[in-house]
Amino acid sequence: MPSPHISPVGLESPPRPPEHRPSAVLLGVPAVCSALLLILVAAKWRPLTGLDRDIASAVHRWAVDEPGLTQTARVLTDWVWDPWTMRLLCGAVALLLWYRYTARWTAVWLVVTCAVAAMVQQVLKAVVGRARPVWPDPVDSAHYAAFPSGHAMTAVVTFGLLLWLLHRHGVGRTLWVWAVALAALSVGGVGLTRVWLGVHWPTDVLGGWLLGLVVVAVGVRIHGQRHP
């Protein structure tokens with residue numbers, strides 16, 4: 001007598017998670033962390049401000065003692081990693097997308113996302129109103145409020161969006177490795193130079209990085225809804 005057919009329901013592989021879950025995680029984690037940091041900075045939480053002062057004071061002493069490195073940091077932060085340099089880079093990529101690849105919606109999306117990031121940055125600076133470090137022997141100067149660091153946030157937004165575009169269009173492995181290395185060097189380097197030059201607290205830089213990740217995640221999600 002043939003054995004009854006046993007349905008392999010119990011052996012089936014689990015259902016695939018929704019496609020939006022990774023992007024939701026990428027958005028949620030930096031959003032929660034940046035919101036928490038924003039609250040602590042705005043409330044002037046003493047353990048955090050004390051840690052900021054300790055780190056910034058130590059780094060400033062090194063900057064005063066190493067004028068050669070300080071001058072290099074000034075050139076990098078004022079020219080190579082300046083927010084306007086980053087925005088010009090995004091503008092050049094947008095023109096390339098518009099005219100060379102006729103990807104006009106993506107070109108507009110890139111420009112608008114960068115503009116929104118700049119606007120969010122300025123609004124938060126005005127709302128939080130955090131004072132920049134003040135030193136008896138400054139090695140550089142900067143204007144406007146401190147939190148978040150505009151240099152750090154703009155670098156994350158710029159390189160995050162451009163890396164995502166490269167990944168989306170399937171660039172070769174060699175180009176991808178070089179692009180990731182350049183992005184990591186620039187994002188890390190710009191944060192270090194802002195603290196080294198004594199114009200930002202460390203948490204200003206951290207806040208800029210986190211908020212930049214939020215903008216990139218939101219921008220990528222919007223683009224994915226239009227062009228899945």
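**Entry 1: helix α7**

What span should the 24 residues of helix α7 have at 1.5 Å a residue, and how far apart are its end C-alpha atoms? I started here, keeping in mind that the model is predicted. Helix α7 covers residues 173-196. The expected span is 34 Å, because each residue counts for 1.5 Å and the span uses one less than the number of residues. The end C-alpha atoms are 34 Å apart, so the two values agree.

Next I asked which residues of α7 are buried. I noted A179, A183, S186 and V187. I then added G189, V190, G191, T193, R194, V195 and W196. What covers these buried residues? The cover includes α2 (46-65) and α3 (67-80). It also includes α6 (150-168) and α8 (202-226).

I also looked just past the end of the helix. G198 comes just after α7 and has a positive phi of about 75 degrees.

**Entry 2: the whole chain**

I stepped back to the full chain. How many helices and how many strands does the chain have? I found eight helices and zero strands. From the N terminus on, the order reads α-α-α-α-α-α-α-α.

The chain has 228 residues, and 40% of them are buried. Its accessible surface comes to about 13800 Å². Carbon and sulfur atoms hold 70% of that surface.

I then looked at contacts between residues at least 6 apart in sequence. Of these, 78% join residues at least 24 apart.

**Entry 3: α6 against α8**

Both helices had come up as cover for α7, and I wanted to see how they meet. At what angle do the axes of α6 and α8 cross? They cross at roughly 35 degrees and come within 7 Å. The crossing of α6 past α8 is right-handed.

Which residues meet there? From α6 I listed A152, M153, V156, V157, G160, L161, W164 and R168. From α8 I listed V205, G208, W209, L211, G212, L213, V215, V216, V220 and H223. I sorted this contact by class: 13 residues are nonpolar, four are polar and one is charged.

**Entry 4: two residues of α5**

Helix α5 spans residues 104-128, and Q121 is in it. Is Q121 buried or exposed? Q121 counts as buried, because its relative accessibility is 4% and the cut-off is under 20%. Leaving aside neighbours within four places in sequence, I found Q121 in contact with R87, P148, G150, M153 and T154.

T113 is also placed in helix α5. At 9% relative accessibility, T113 counts as buried. Leaving aside neighbours within four places in sequence, T113 is in contact with L161 and V215. I had already met L161 in α6 and V215 in α8 in the previous entry.

**Entry 5: the loop between α5 and α6**

P148 touches Q121, and I followed it into the loop between α5 and α6. What kind of peptide bond joins F147 and P148? The bond is cis, with omega at about -5 degrees.

Y144 is in the loop between α5 and α6 as well. Its phi is near 70 degrees, a positive value in a residue other than glycine. Y144 counts as exposed, at 71% relative accessibility.

**Entry 6: two other loops**

K44 is in the loop between α1 (20-42) and α2. K44 is not a glycine, yet its phi is positive, about 55 degrees. How accessible is K44? Its relative accessible area is 64%, so K44 is exposed.

A103 is in the loop between α4 (83-99) and α5. At 22% relative accessibility, A103 counts as partly exposed. Not counting residues up to four places away in sequence, A103 touches L97 and W98.

**Entry 7: P202 in α8**

My last stop was P202, which lies in helix α8. Why does P202 count as buried? Its relative accessibility is 18%, and buried means under 20%.

How far is P202 from D54? They are 148 residues apart along the chain, and their C-alpha atoms are separated by 10.0 Å. Leaving aside neighbours within four places in sequence, P202 is in contact with D52, I55, A56 and V195. V195 takes me back to α7, where it is one of the buried residues.

Methods: Residues numbered from 1 in each chain as written. Predicted model: local features only at pLDDT ≥ 70, side-chain atom pairs only at ≥ 80, totals over all residues. Heavy atoms only, no water. Helix = DSSP H or I, 4+ residues; strand = E, 2+ residues; numbered from the N terminus. Buried < 20%, exposed > 50% of the residue type's maximum accessible area, 1.4 Å probe, protein only. Contact = heavy atoms within 4.5 Å. Areas by Shrake-Rupley, 256 points an atom, 1.4 Å probe, with all protein chains shown as cover. Axes fitted to C-alpha atoms, helices over the stretch in contact; angles between N-to-C directions. Left-handed = near helix turned anticlockwise from the far one by under 90°. Nonpolar A, V, L, I, M, F, W, Y, C, P; charged D, E, K, R; others polar.
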